[in-house]
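Good morning, everyone, and thank you for making time for this short talk. Before I say anything, please take a moment with the sequence and the model, and then we will walk through them together.

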Amino acid sequence: MNLKHADTLVVLDFETTGLSPDNGDRAIEIGAVRIVDGKITEQFQALMNPGIRVNSFIEGYTGITNTMLDGAASCSEVMAQFCDFIGDDNLLAHNASFDQKFLDNELSHISRTYKGEFTCSLLVSRRINLDAPSHSLGNLVNQLELSEEGSFHRALFDAQMTAKLWLHMLAQINETYGIERAPFSLMQQIACTPKKQVAKILQNYSIQNATL
DNA sequence: TGCCAGGCCCTCTTTAGGGCCTT
């Protein structure tokens, strides 16, 4: 991880033609925000034409129609711009394995890569919001009263809500363990630690950090 | 013809099954 960007994070969300790029699905919209020092500072949003028709389920699910995509720039053009946007920053998404698959697939089409590392707000939420009955983005936003005007299942709004959820969980960790703005590496560790061990890791980090 | 995503996580588990989460 580039230490220059250690406290900078790009939160991203794709809308796609389906669930699997291995089955030929492509991205149709990318939305993202950049968090710098705990604040959202920039945003990126673009529709992209995948070169294939979007089925009626996806049109209804996202509100993105074939007509809207007919006039959009190509995936290659949009993803090149987005690759420039993310630069060397670390990356976050809700259920990141899904968005990482599509990011990797779309960038492979234009022979581009990224240097940042991914982490997942869904995995962290399952370990931090222990009483939440659901960890879907929409349910978490409602349960934690983070909601604002906008439509779920559009890329920029979902990225904005994921960023809000992330900042909320950082605040929860600060309130419970006294860890002010937990670093990305610690959040990555939480995301891949068995649930029962998370409290111990945070307690140990808090103690070690306090004695520095 | 039949199938059609895949990783995480829990439990009535680990020689497995099913729900959750993303579009």
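How many residues surround DNA strand B, and which of them are the closest? What we have on the screen is a predicted model, and in this model 27 residues surround DNA strand B, with Glu-15, Tyr-61, Arg-127, His-135 and Leu-137 as the closest. If we then ask which part of the strand faces the protein, sugar and phosphate account for 67% of the atoms of DNA strand B that come within 4 Å of the protein.

Let me go through some individual atoms here, starting with Tyr-61, which has a polar side-chain atom 3.2 Å from a phosphate oxygen of DNA strand B. With His-135 it is a backbone N or O atom that lies 2.4 Å from a phosphate oxygen of the strand, and with Ser-136 it is again a backbone N or O atom, at 3.4 Å from a phosphate oxygen of DNA strand B. The elements that give two or more residues to the surface near DNA strand B are β1, α1 and α5, and when we sort the residues of that surface by class, we find nine nonpolar, eleven polar and seven charged.

I would like to stay with α5 for a moment. Is this helix mostly enclosed or mostly open? Helix α5 covers residues 121-128, and six of its eight residues are buried, so the helix is largely enclosed by the rest of the structure. The buried residues are Ser-121, Leu-122, Val-124, Ser-125, Arg-127 and Ile-128, and I would ask you to notice that Arg-127, buried as it is, is also one of the closest residues to DNA strand B. As for what covers the buried residues of α5, the list includes the strands β4 (90-93) and β5 (118-120), together with the helices α6 (137-143), α7 (155-177), α8 (184-191) and α9 (195-210).

Now let us turn to the pockets, beginning with the largest, which has a volume of about 540 Å³. Its lining is made up of 22 residues, and those nearest the centre of the pocket are Asp-13, Tyr-61, Phe-98, His-153 and Asp-158; here we meet Tyr-61 again, which we saw among the residues closest to DNA strand B. At least two lining residues come from each of β1 (8-16), α1 (56-62), α4 (96-109) and α6, and by class the lining divides into nine nonpolar, nine polar and four charged residues.

The second largest pocket has a volume of about 170 Å³. Which helix gives the most to its lining? That is α9, with five residues, while α5, α7 and α9 each supply at least two. Among the residues in this lining are Arg-127 and Ile-128, both of which we have already named as buried residues of α5, and the classes here are seven nonpolar, two polar and three charged.

Besides the pockets, a search of the whole structure finds one cavity of 30 Å³ or more, and the volume of this largest cavity is about 120 Å³. It is lined by 13 residues, with Asp-7, Leu-9, Trp-166, Leu-170 and Ala-182 nearest its centre, and the elements that give two or more residues to the lining are β1 and α7. The largest share, three residues, comes from α7, and the lining as a whole has nine nonpolar, two polar and two charged residues.

Finally, I have three single residues for you to look up in the model. Asn-66 sits in helix α2 (residues 66-70) and is buried, with a relative accessible area of 8%; leaving aside residues up to four places away in sequence, Asn-66 touches Ile-52, Arg-53, Val-54 and Glu-59.

The other two bring us to the backbone angle phi. Asn-95, in the loop between β4 and α4, has a phi near 65 degrees, which is a positive value in a residue other than glycine, and at 36% relative accessibility Asn-95 counts as partly exposed. Ser-111, in the loop between α4 and β5, also has a positive phi, of about 55 degrees, although Ser-111 is not a glycine, and at 68% relative accessibility Ser-111 counts as exposed.

Key:
Residues are numbered from 1 along each chain as its sequence is written. Chains are lettered from A and ligands numbered from 1 in the order in which they are written. This is a predicted model: local features need pLDDT of at least 70, side-chain atom pairs count only at pLDDT 80 or more; totals for chains, interfaces and linings use all residues. Side-chain values use heavy atoms; hydrogens and water are left out. Buried means under 20% relative accessible area, exposed over 50%, partly exposed in between (1.4 Å probe, protein chains only). Helices (H or I, at least four residues) and strands (E, at least two) are DSSP runs, numbered from the N terminus. Contact means heavy atoms within 4.5 Å. On a 1 Å grid over the protein atoms alone, a cavity is a set of points where a 1.4 Å probe fits but cannot get out, and a pocket is an open set with protein on both sides within 12 Å along at least five of seven lines; lining residues have an atom within 4 Å of a point. Grid points are joined across faces, edges and corners, and a volume is the space filled by probe spheres set on the points. Ala, Val, Leu, Ile, Met, Phe, Trp, Tyr, Cys and Pro count as nonpolar, Asp, Glu, Lys and Arg as charged, and the others, Gly among them, as polar. A residue is near a molecule or strand if one of its heavy atoms lies within 4 Å of it. A polar contact is a pair of N or O atoms within 3.5 Å; within protein, one must be able to donate a hydrogen and the other to accept it, and residues adjacent in sequence count only if both atoms are side-chain atoms.
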